[in-house]
Amino acid sequence: MIRLLTTTITLLLFLRASTESPDARSIQILNESGRRVDVSWIHPQTEELVLQSTPDVLAGASFSLNSFVSHSFLVREMPGKKTGECEGSEGECRVDYFSVNENHDQVILIKEGIEVEHTDSKSIAVKSANTLLDECKSKADRSLKNIDNTNNPVDPLHVLDTLTACVQKGVATEIERANEEIAFQAQVRKNMASQLENYTCADETLNTTEAKRTETWRGRKVSVMIDRPASKIHTVENFLTEDECKAVEEAARPILHDATVADGSGGSHKSDSRKAKQAGIKVHWDKEADGDLIARLSRRVYDYVNHVLPFDIMEDGQEDLMSIQYFGRGPEDEKPDRYMPHCDGDCNGMLFKPGNRMATIVMYCEIPKLGGATRFRNSNVHIKPKQYAATFFSYIDSETMKMDDGFTEHSGCPVVEGEKKIVTQWVRLGVDKENPWNSFNTLGIKYTDAENQ
């Protein structure tokens, strides 16, 4: 009994880990053997078998399994219901084994004779490449034979050209197919995210998405939500202080005005897609050494950006800090303060345009009683505002200099009750004292260059 309890607990812990760990893998098992089989997990310490199928997998059926890299399983033939026997030697029930590897899209094919064939994304790619090479080698061989039949000297460059052209054509075709599949899946993902937007914003039971990993920066807890080359999303606890929030709010109070959005032609205008009040706060860098609160906060912003990205960003020429305030007017408000899904910079996967935005930090000074979450719908990242915390996201690949392709598109959910007061810094690359941010229009073109076009 104790052994059974121990095994059960171990299995439950394993299943929990398999859904939370980055090493979790989803396995698809297809029974093509013509026989009933069962599938058991092999306990890594005791080698005891723990049945996973319920109780067996019929011939022609499929079976899904959530597992964990390095775990092993046994596939066992089941006796025939009529004969009570298996089809192995002398009626023995045949078995085979498989272990979960690090690759994705793993499929276990149980073939005739209870022989397991293990495929995954990498092995499929290798098999496809080998097939392509074999076809191209055959073409090159035929080219050689044709030359031999004419008794002309063999031109190795001609044979190499034949092989190269064949491979290029085959690879181009495979890439085209892959790109079509990726584009289709991306569009499906975006359509689903769009349809779920209002539901997720309205669900107050929805907590902040679980981080992929956590780390620390200057004693502050950092939760890494997304860590792609061109798309990074972090939250940082206790990023700013109450005094810094008060300093920003005090500076913003006399100059608050209706928020605007880019209009697509280089300018900006008011829009129902963004309902809020905002004020640009000039940072007095000359007072930084004297302990100016706003300068201290702004320096921390650039320090964190340079901690994550390798651009050595300076404050010269950057946009002002922006104080943004949203006000809740109750659940019956038909046009609540919110910010509809948008990108802070380009999110089209194209090359970065000098002078454009490439990172953002949103800092939460006051959080509402109801609503006001930040949602990255295409990444399925939901962030409930936490007082004095910050959300950082960047949307540029520092190596290729290509922009994000929509993973950092985000929205500010409606503020229903209370007030949401945030401080935002949009960070640009390619600006300096001689070429400040306001010398570029919202298309990333310098006004002087636009006038000459």
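Cys365 is buried, at a relative accessible area of 11%, where buried stands for under 20% relative accessible area, exposed for over 50% and partly exposed for what lies in between (1.4 Å probe, protein chains only). The model is a predicted one, in which local features need pLDDT of at least 70 and side-chain atom pairs count only at pLDDT 80 or more, while totals for chains, interfaces and linings use all residues. Residues are numbered from 1 along each chain as its sequence is written, and side-chain values use heavy atoms, with hydrogens and water left out.

**Exercise 1.** Determine which residue forms a disulfide with Cys365, and describe the link.

*Solution.* A disulfide is taken to be a pair of cysteine sulfur atoms within 2.5 Å. The partner of Cys365 is Cys245, with the two sulfur atoms 2.1 Å apart. The torsion about the S-S bond of Cys245 and Cys365 is -85 degrees, and the link is left-handed. Cys245 belongs to helix α4 (residues 242–252) and Cys365 to strand β18 (residues 357–366), so the disulfide ties together parts that are 120 residues apart in sequence; helices (H or I, at least four residues) and strands (E, at least two) are DSSP runs, numbered from the N terminus. Cys245 is buried as well, at 7% relative accessibility.

**Exercise 2.** Find how many disulfides the whole structure holds, and work out the handedness and burial of the pairs Cys201–Cys413 and Cys86–Cys93.

*Solution.* A search of the whole structure gives four disulfides. In one of them, the sulfur atoms of Cys201 and Cys413 lie 2.0 Å apart. Cys201 sits in helix α3 (residues 156–202), and Cys413 in the loop between β23 (410–412) and β24 (415–417), so that this pair links distant parts of the chain, 212 residues apart. The torsion about its S-S bond is about -70 degrees, and the disulfide of Cys201 and Cys413 is therefore left-handed. Both ends are buried, Cys201 at 10% relative accessibility and Cys413 at 2%.

Turning to the other pair, Cys86 is joined to Cys93 with an S to S distance of 1.8 Å. Here the torsion is about 65 degrees, so the disulfide of Cys86 and Cys93 is right-handed. Cys86 is buried at 6% relative accessibility, whereas Cys93 is partly exposed at 28%.

**Exercise 3.** Establish the strand order of the nine-stranded open sheet, and locate the helices α4 and α5 relative to its strands.

*Solution.* The order is β9-β10-β11-β22-β18-β25-β16-β15-β12, and the pairing is antiparallel; two strands pair if DSSP finds at least two bridges between them. The edges are taken by β9 (213–217) and β12 (257–258), each with a single partner strand, so one side of each has no neighbour in the sheet. Five bridges join β9 to strand β10 (residues 220–228) in the antiparallel sense, and Thr216 stands opposite Lys221 in β10.

Helix α4 lies across β15 (277–281), β16 (321–327), β18 and β25 (419–428), at about 100 degrees to β15. Axes are lines fitted to C-alpha atoms, for helices over the stretch in contact, and angles run from 0 to 180 degrees between N-to-C directions. Helix α5 (residues 293–308) lies across strands including β9, β10, β18 and β25, and runs at about 135 degrees to β18.

**Exercise 4.** Place Gly349 in the chain and list its contacts beyond four places in sequence.

*Solution.* Gly349 is in the loop between β17 (339–342) and β18, and is partly exposed at 23% relative accessibility. With contact taken as heavy atoms within 4.5 Å, Gly349 touches Lys402, Met403, Asp404 and Asp405, leaving aside neighbours within four places in sequence. The C-alpha atoms of Gly349 and Met403 are separated by 4.7 Å, although these residues are 54 residues apart along the chain.
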